[in-house]
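Work through the exercises below with the sequence and the structure side by side, and try each task before you read its solution.

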Amino acid sequence: MSDQDQPGDISQVPVLIFVPGLGGAEANSADRLAEVVATVADTLDGGGTFGTKTTSVTAPSGLTVGKTVVDGADQPRLQLFQFDYASVLAESPSTAFPSVAPGMVRSAVLAGVGFWKWFRALRRKAKTARTKWQLFLGLVAGLVPLIIAAAVAMYAFLLALSIDVSWVADAVKHLSLLEALLGPNPTPRLFGFASLGLTISWALLRKKALALADSAETLIRFTENYDQKADDITFKLDQAIDELRRTWKGPLHLVGYSFGSLVLFEALYPRANARMSPKPVAPVSSLVTIGCPLDLVRLFEPSYDKGRKERKENLRWTNIFNAADIFASNLRNGNDKKDGVETFTVGTARPHSIRYTDEEIGLLQVFVNGRTHSSYWGEPDEANCLGELVSQWLAVRVP
């Protein structure tokens with residue numbers, strides 16, 4: 001399909017608002033989602049050739065225009081938009097101080113808090129023991145290097161101030177394994193090797209470690225509604241939907257991936273004190289959450305989903321998860337693999353969970369989970385999780 005303006009009035013065409021995850025991958029975009037939808041639609045229809053094209057549609061405030069899915073006759077079948085919530089998350093609560101990403105110290109504190117919360121979550125049922133073990137490994141992998149880094153930095157700082165640190169050497173000497181490996185006076189060698197290792201590893205891992213810490217802090221602030229971030233994002237989405245409905249009359253679908261699915265959960269099932277009117281979301285026809293970390297949040301914050309109100313009753317909610325994805329949810333307590341209609345409810349909402357792939361959590365899944373979490377769809381010619389959804393969005397013919 002060539003990139004050209006679509007003919008005629010498309011106000012009756014179904015609309016899909018995509019709420020992406022935190023990452024900036026090309027697949028994490030409305031344009032890529034449109035391309036995947038077109039490929040799936042072409043497979044289901046078996047008739048014309050579906051494709052995508054760029055149009056001159058005007059996006060409401062808070063949304064960016066994605067590609068249009070068109071059929072073999074070049075007629076529009078689905079218009080995609082992408083919701084921008086990142087700008088609200090990045091806003092500083094004070095004009096006097098800009099927002100900053102966490103450094104090594106704040107990252108260590110976050111890891112320590114996560115470790116403490118993990119112990120408190122051991123008896124909770126939002127995730128299985130296998131998943132909790134993977135989370136433990138991830139926390140250890142993040143926390144131990146930070147503790148070592150802090151210890152080396154403190155030791156060097158005390159030496160620079162000419163403060164007696166002989167007690168450190170005495171403590172190390174009691175570790176016979178270190179003395180066997182490093183000689184009768186292991187302290188200088190130990191801290192020398194540790195400093196060299198940290199210098200090299202921190203340079204290699206710094207960006208990734210700080211990015212993970214930044215994502216963790218963003219998740220915490222959002223789920224605890226610090227500075228009313230969750231409410232502000234919901235209000236921005238309400239404004240976008242309201243403006244959109246002035247010109248678009250077709251069915252409206254919401255799709256959230258990863259963190260974006262939490263954004264939609266907050267928008268459609270807000271806290272009781274959020275004071276959100278149901279009117280702005282009345283036009284929404286369906287909700288889809290993919291790789292949603294709601295169970296992970298419920299594990300660490302068991303009250304997160306409690307006391308919420310439902311802004312639209314009997315909304316069709318489809319939840320897609322991969323049982324090997326530690327971040328994903330099937331919205332069931334004590335079982336990370338079962339699909340179907342679960343016991344999790346908010347008002348009349350009873351999400352239908354669909355399991356994607358037969359994968360299960362491996363022994364060291366946490367270290368490759370990023371790849372699993374990003375594999376719900378990729379290139380248009382690759383397998384994806386959207387097969388059961390596209391026919392709902394486009395009403396394509398299924399042979």
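A residue counts as buried when its relative accessible area is under 20%, and as exposed when that area is over 50%. With that cut-off, F344, at a relative accessible area of 5%, is buried. Keep in mind throughout that this is a predicted model.

**Exercise 1. Describe the aromatic pairs that W317 forms, and state where each ring lies.**

Solution. A pair of aromatic rings is described by the distance of the centres and the angle of the planes. The structure holds 14 aromatic pairs. In the pair of Y269 and W317, the ring centres are 5.4 Å apart and the planes meet at 20°, so this pair is stacked, since planes under 30 degrees apart fall in that class. Y269 belongs to the loop between helix 9 (259–268) and strand 6 (284–290), while W317 belongs to strand 7 (residues 316–321), so that the pair links distant parts of the chain, 48 residues apart. Y269 is buried, because its relative accessibility is 1%, and W317 is buried as well, with a relative accessible area of 4%.

The next step is the pair of W317 and F344, which has a distance of 6.2 Å from centre to centre and an angle of 90° between the planes, and is edge-to-face. Here W317 in strand 7 is joined to F344 in the loop between strand 8 (340–341) and strand 9, and the two residues are 27 apart in the chain.

Elsewhere, ring pairs link F18, Y257, Y356, Y376 and W377 into a cluster.

**Exercise 2. Which strands stand at the edges of the sheet, and how many partner strands does each of them have?**

Solution. Begin with the order of the strands: the open sheet has nine of them, in the order 2-3-4-1-5-6-7-9-8, and the pairing is mixed. Strand 2 (51–53) and strand 8 are at the edges; each has a single partner strand, so one side of each is left without a neighbour in the sheet. Strands of a sheet pair through backbone hydrogen bonds, either parallel or antiparallel. For strand 7 and strand 9 the sense is parallel, and the pairing runs over four bridges. To find one of these bridges in the structure, look for N319, whose bridge partner in strand 9 is S353.

**Exercise 3. Compare where the partners lie in the salt bridges E35 with R32, D74 with K53, and E266 with R308.**

Solution. A search of the whole structure finds 13 salt bridges, and these three can be taken in turn.

1. The closest N and O atoms of E35 and R32 are 3.4 Å apart. Both residues lie in helix 1 (residues 30–45), three residues apart, which is about one turn of the helix. R32 counts as buried because its relative accessibility is 6%.
2. In the salt bridge of D74 with K53, the closest N and O atoms are 3.3 Å apart. D74 is in the loop between strand 3 (63–70) and strand 4 (76–83), whereas K53 is in strand 2, so the pair ties together parts that are 21 residues apart in sequence. K53 is buried, at 1% relative accessibility.
3. E266 and R308 meet through their side chains at 3.1 Å, N to O. This pair links distant parts of the chain, with E266 in helix 9 and R308 in the loop between helix 10 (294–300) and strand 7, 42 residues apart. E266 is buried at 2% relative accessibility, and R308 is buried at 11%. The charged end of R308 also sits over the ring of Y304, 4.4 Å from the ring centre.

**Exercise 4. Is L363 buried or exposed, and is L331 buried or exposed?**

Solution. L363 is found in the loop between strand 9 (352–355) and helix 11 (369–373). Its relative accessible area is 68%, so L363 is exposed. Together with W133, L364, F367 and V368, L363 makes a nonpolar surface patch of about 540 Å².

L331 lies in the loop between strand 7 and strand 8, and it counts as buried because its relative accessibility is 1%. L331 also has a positive phi of about 60°, although it is not a glycine. N225, likewise not a glycine, has a positive phi of about 55°; it is placed in the loop between helix 7 (186–223) and helix 8 (229–244), and at 16% relative accessibility N225 counts as buried.

How values were computed
Residues numbered from 1 in each chain as written. Predicted model: local features only at pLDDT ≥ 70, side-chain atom pairs only at ≥ 80, totals over all residues. Heavy atoms only, no water. Patch = residues over 30% accessible without salt bridge, like charges linked within 9 Å, V, L, I, M, F, W, Y side chains within 5 Å. Areas by Shrake-Rupley, 256 points an atom, 1.4 Å probe, with all protein chains shown as cover. Salt bridge = Lys/Arg side-chain N within 4 Å of Asp/Glu carboxyl O. Buried < 20%, exposed > 50% of the residue type's maximum accessible area, 1.4 Å probe, protein only. Phe/Tyr/Trp six-rings, centres within 6.5 Å; stacked < 30°, edge-to-face > 60°. Lys NZ or Arg CZ within 6 Å of the ring centre and 35° of its normal. Pairing = 2+ DSSP bridges.
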